[in-house]
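Biologist: Could we go through this model piece by piece? I will ask, and please give the reasoning before the result.

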Amino acid sequence: MQSGLYIVGTPIGNLSDMSPRAIDVLRNVDLIAAEDTRVFARLASHFDIKAPRVSCHEHNERDVVPELIEKLHAGAKIAAVSDAGMPGISDPGFRLVRAARAEHIPVYVIPGPVAAISGLVLSGFPTDRFTFCGFFDEKKLHDDNKIRHTIIYYESPNRIMATIAALARVMPERQIAIVREITKIHEETIIGYPADLMHIQPPRGEIVIVVAPAPERKISDAEISEIVNDVVASSTKSAAETLARRAGISKKEAYRRMLDKGGAND
């Protein structure tokens with residue numbers, strides 16, 4: 001191994017996703033900069049990794065990064081790992097890489113799983129253009145809605161239901177995928193319009209939210225009324241499903257409009 005900084009991806013749940021190269025690098029570096037040394041200790045024990053460790057996280061990066069750069073200048077081989085997945089993706093890492101680049105220190109990547117990309121693929125939404133917005137922030141939601149292609153968020157299970165409600169208010173016409181526990185035993189993907197998901201059993205575990213691209217244009221009330229007239233002969237339930245699909249609105253909203261019309265059959 002050459003001296004330099006090694007950015008090492010680790011499993012996001014299933015330890016079988018640990019690559020042989022990642023194991024080899026972590027066994028042979030001089031030092032491992034871990035987001036949380038206690039979390040990494042479990043992984044290290046499983047793969048018999050005995051290299052010394054130092055904590056490097058968002059609260060101590062200002063002090064630790066210069067010390068790591070000094071060691072790298074002296075010829076050390078240092079690996080950076082986060083608690084799970086790729087360092088730098090909503091995790092510590094990018095500041096260390098930036099500092100190493102500024103000092104012309106070699107930087108190498110050992111790829112690993114990324115929850116955001118895995119959630120995107122599992123959603124079935126378009127992948128040709130997407131924006132990862134990190135952890136969900138309701139204050140930025142109206143600005144995020146200006147992004148018309150696929151959007152990806154991370155979210156906590158403690159806030160997920162409030163987040164779905166916020167998406168229902170701001171992005172009611174865009175389907176979302178709630179992807180949880182990726183690569184783990186209880187992996188699950190729930191897809192629907194936000195209003196339709198507001199009363200689901202609150203998902204547990206690590207969560208990725210994927211928001212489908214916005215419709216080409218927002219359908220007008222007049223156009224929705226035309227579709228209502230077109231499908232009103234059906235039963236209310238099936239007509240509402242048709243309206244929701246054709247108008248790009250939630251089933252709940254479609255059902256309300258059908259009832260307001262007053263002409264559907266139960």
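What follows is a short exchange on a predicted model.

Biologist: How does the reach of helix 3 compare with the span expected at 1.5 Å a residue?

Modeller: Helix 3 covers residues 61-73, so 13 residues count, and the expected span is 1.5 Å times one less than that number. That gives 18 Å as the expected value. From first C-alpha to last, helix 3 reaches a close match, 18 Å.

Biologist: Are the buried residues of helix 3 on the same side or on opposite sides?

Modeller: The buried residues are E61, V64, V65, L68, I69 and L72. Around the helix axis they cover an arc of only 140°, so they lie on the same side of helix 3.

Biologist: Which residues are exposed on the other side of helix 3?

Modeller: Exposed means over 50% relative accessible area. On the side of helix 3 away from the buried residues, two residues are exposed: D63 and E70.

Biologist: Which helix do the buried residues of helix 3 pack against?

Modeller: Their partners include strand 1 (4-8), strand 2 (31-34), strand 3 (53-55) and strand 4 (77-81). A helix is also listed among the partners. That is helix 4 (94-102).

Biologist: Which residue with a positive phi follows helix 3?

Modeller: Helix 3 is followed by a residue whose phi is near 105°. That residue is G75.

Biologist: How many residues apart in sequence are the parts tied together by E61 and R95?

Modeller: The side chains of E61 and R95 meet in a salt bridge at 3.2 Å, N to O. E61 lies in helix 3 and R95 in helix 4, so the pair ties together parts whose separation in sequence is 34 residues.

Biologist: Is E61 buried or exposed?

Modeller: The cut-off for buried is under 20% relative accessible area. E61 has 5%, so E61 counts as buried. Its partner R95 has 39% and counts as partly exposed. For E61, the answer is buried.

Biologist: How many salt bridges does a search of the whole structure find?

Modeller: E61 with R95 is one of them. E155 with R159 is another, at 2.8 Å, N to O. The search of the whole structure finds 9.

Biologist: What is the relative accessible area of E155?

Modeller: E155 and R159 meet through their side chains in a salt bridge. R159 is partly exposed, at 40%. E155 is buried, with a relative accessible area of 3%.

Biologist: Where does E138, the partner of R169, lie?

Modeller: R169 and E138 form a salt bridge at 2.7 Å, N to O. R169 lies in helix 7 (residues 160-170), so the pair ties together parts that are 31 residues apart in sequence. R169 is exposed at 55%, and E138 is partly exposed at 45%. E138 lies in the loop between strand 6 and helix 6 (141-144).

Biologist: What accessible area do I117, V121 and F130 have together?

Modeller: The three form a nonpolar patch on the surface. F130 sits in strand 6 (residues 130-135) and is partly exposed, at 35% relative accessible area. Together, I117, V121 and F130 have about 260 Å².

Biologist: Which residues does E181 contact, leaving aside neighbours within four places in sequence?

Modeller: E181 lies in the loop between strand 8 (176-180) and strand 9 (188-192). At 13% relative accessibility, E181 counts as buried. With those neighbours left aside, its contacts are H186, E187, R204, G205 and E206.

Key
Residues are numbered from 1 along each chain as its sequence is written. This is a predicted model: local features need pLDDT of at least 70, side-chain atom pairs count only at pLDDT 80 or more; totals for chains, interfaces and linings use all residues. Side-chain values use heavy atoms; hydrogens and water are left out. Helices (H or I, at least four residues) and strands (E, at least two) are DSSP runs, numbered from the N terminus. Buried means under 20% relative accessible area, exposed over 50%, partly exposed in between (1.4 Å probe, protein chains only). The arc is that of the directions from the helix axis to the C-beta atoms. Contact means heavy atoms within 4.5 Å. Patches are made of residues with over 30% relative accessible area and no salt bridge: like charges are joined within 9 Å, nonpolar side chains (Val, Leu, Ile, Met, Phe, Trp, Tyr) within 5 Å. Accessible areas come from the Shrake-Rupley method with a 1.4 Å probe; for residues, only the protein chains shown count as cover. A salt bridge is a side-chain nitrogen of Lys or Arg within 4 Å of a carboxyl oxygen of Asp or Glu.
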